[in-house]
Amino acid sequence: MDKKEVLRYLRTNSKTEDEAILSLVDEAIEKVENKVHPKTLYRIFDCNICGDEVEVKGFTFKSKRLADNLSGCKRLVLFGATLGIECDRMINLSLHENLSEGMALQAAAAQKIEEVCNSLEEEIKNEHGVLLRQRFSPGYFDLDITEQKKVFELLELTKRIGITLTQSCEMLPSKSVTAFIGID
């Protein structure tokens, strides 16, 4: 795990020499690495881009930014990734017992889910011999967070890897990601 990125997520200087902070980050990284068991799922779909809409297997996602991101693509990857409920439990317990440790765990988990997503992208590129565009997730820019419901239906994320949606379309476990990636 990239310690500098964990420090960035912790909103501290990545070149800090403060031994207390560095020790806290090292411990958080170790706990996340040892106690978190990521799960991922992806599928490749044909897609059709028309104006500010992206159609995937009968579902329409309205977003000019997503359509621009996928412009020229005939296929896309749709994926979900999670660090699991145990990660949430570990962070929440730490936040109640030791705020500094909890914040360090949050930062380490944020870096870990990013690492998991990056690794999944590399796996997809190697397995399918494709070039991928930048990830694009519901809730960013003009792709409404409620579009998450369609992603969950297309991927069966609750059944397959245990991610659920709240009424406000936030994912549980909290360290979870869904994304579209255009295939060039």
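The following paragraphs lead through a predicted model, from its long-helix region to its main pocket and then to its less common backbone geometry.

A convenient starting point is helix H5, which spans residues 99-128. H5 contains 30 residues, and its first and last C-alpha atoms are 43 Å apart, close to the 44 Å expected at 1.5 Å a residue. At the N-terminal end, Asn98 serves as the cap of H5, with a side-chain oxygen placed 3.2 Å from the backbone nitrogen of Ser100. Just after H5 comes Gly129, whose phi is positive at about 60°.

Within H5 lies Leu105. Leu105 counts as buried because its relative accessibility is 1%, where the limit for that class is under 20%. Beyond its neighbours within four places in sequence, Leu105 contacts Ala28, Lys31, Val32, Met90, Ile91 and Ser94. One of these partners, Ile91, is 14 residues away from Leu105 along the chain, and the two C-alpha atoms are separated by 5.9 Å.

Another of those partners, Met90, belongs to helix H4, residues 85-97. With a relative accessibility of 10%, Met90 is likewise classed as buried. Once neighbours within four places in sequence are set aside, the contacts of Met90 are Lys31, Val32, Lys35, Val36 and Leu105. The contact between Met90 and Leu105 therefore joins a residue of H4 to a residue of H5, and both residues are buried. By contrast, the C-alpha atoms of Met90 and Val130, 40 residues apart along the chain, are separated by 37 Å.

A further link between distant parts of the sequence involves Lys39, in strand E1, residues 39-46. Lys39 and Thr82 are 43 residues apart in sequence, yet their C-alpha atoms are 5.4 Å apart in space. Leaving out residues up to four places away in sequence, Lys39 touches Gly80, Ala81, Thr82 and Ile161. Lys39 is classed as partly exposed because its relative accessible area is 45%.

Attention now turns to the largest pocket. Its space amounts to about 860 Å³. Its lining consists of 30 residues, and those nearest the centre are Glu114, Ser137, Tyr140, Ser176 and Val177. Two or more lining residues come from each of helix H3 (64-70), helix H5 (99-128), strand E7 (171-172) and strand E8 (176-183). H5 supplies the largest share, with six residues. By class, 15 of the lining residues are nonpolar, nine are polar and six are charged.

Two of the elements that contribute to this lining can be examined through individual residues. In helix H3 is Asn69, which counts as buried because its relative accessibility is 17%. Apart from residues up to four places away in sequence, Asn69 touches Arg133, Gln134 and Phe136. In strand E8 is Thr178, which is also classed as buried, at 2% relative accessibility. The side chain of Thr178 forms a polar contact of 2.5 Å with the side chain of Gln148. When residues up to four places away are not counted, the residues touched by Thr178 are Phe79, Gly80, Ser137, Pro138, Gln148, Val151, Phe152, Leu157 and Met171. Among them is Ser137, one of the residues nearest the centre of the pocket.

The remaining points concern the backbone. Most residues other than glycine have a negative phi, and most peptide bonds are trans. Against that background, three sites deserve attention. The peptide bond joining Leu172 and Pro173 is cis, with omega about 0°. Pro173 is placed in the loop between E7 and E8, the two strands that each give two or more residues to the pocket lining.

The other two sites have positive phi values. Lys57 has a phi near 45° although it is a residue other than glycine, and it is found in the loop between strand E3 (53-56) and strand E4 (59-62). Phe141, also not a glycine, has a positive phi of about 50° and is found in the loop between H5 and helix H6 (148-155). Lys57 is classed as exposed because its relative accessibility is 56%, and Phe141 falls in the exposed class at 59%.

Methods. Residues are numbered from 1 along each chain as its sequence is written. This is a predicted model: local features need pLDDT of at least 70, side-chain atom pairs count only at pLDDT 80 or more; totals for chains, interfaces and linings use all residues. Side-chain values use heavy atoms; hydrogens and water are left out. On a 1 Å grid over the protein atoms alone, a cavity is a set of points where a 1.4 Å probe fits but cannot get out, and a pocket is an open set with protein on both sides within 12 Å along at least five of seven lines; lining residues have an atom within 4 Å of a point. Grid points are joined across faces, edges and corners, and a volume is the space filled by probe spheres set on the points. Helices (H or I, at least four residues) and strands (E, at least two) are DSSP runs, numbered from the N terminus. Ala, Val, Leu, Ile, Met, Phe, Trp, Tyr, Cys and Pro count as nonpolar, Asp, Glu, Lys and Arg as charged, and the others, Gly among them, as polar. Buried means under 20% relative accessible area, exposed over 50%, partly exposed in between (1.4 Å probe, protein chains only). A polar contact is a pair of N or O atoms within 3.5 Å; within protein, one must be able to donate a hydrogen and the other to accept it, and residues adjacent in sequence count only if both atoms are side-chain atoms. Contact means heavy atoms within 4.5 Å. The expected span of a helix is 1.5 Å times one less than its number of residues.
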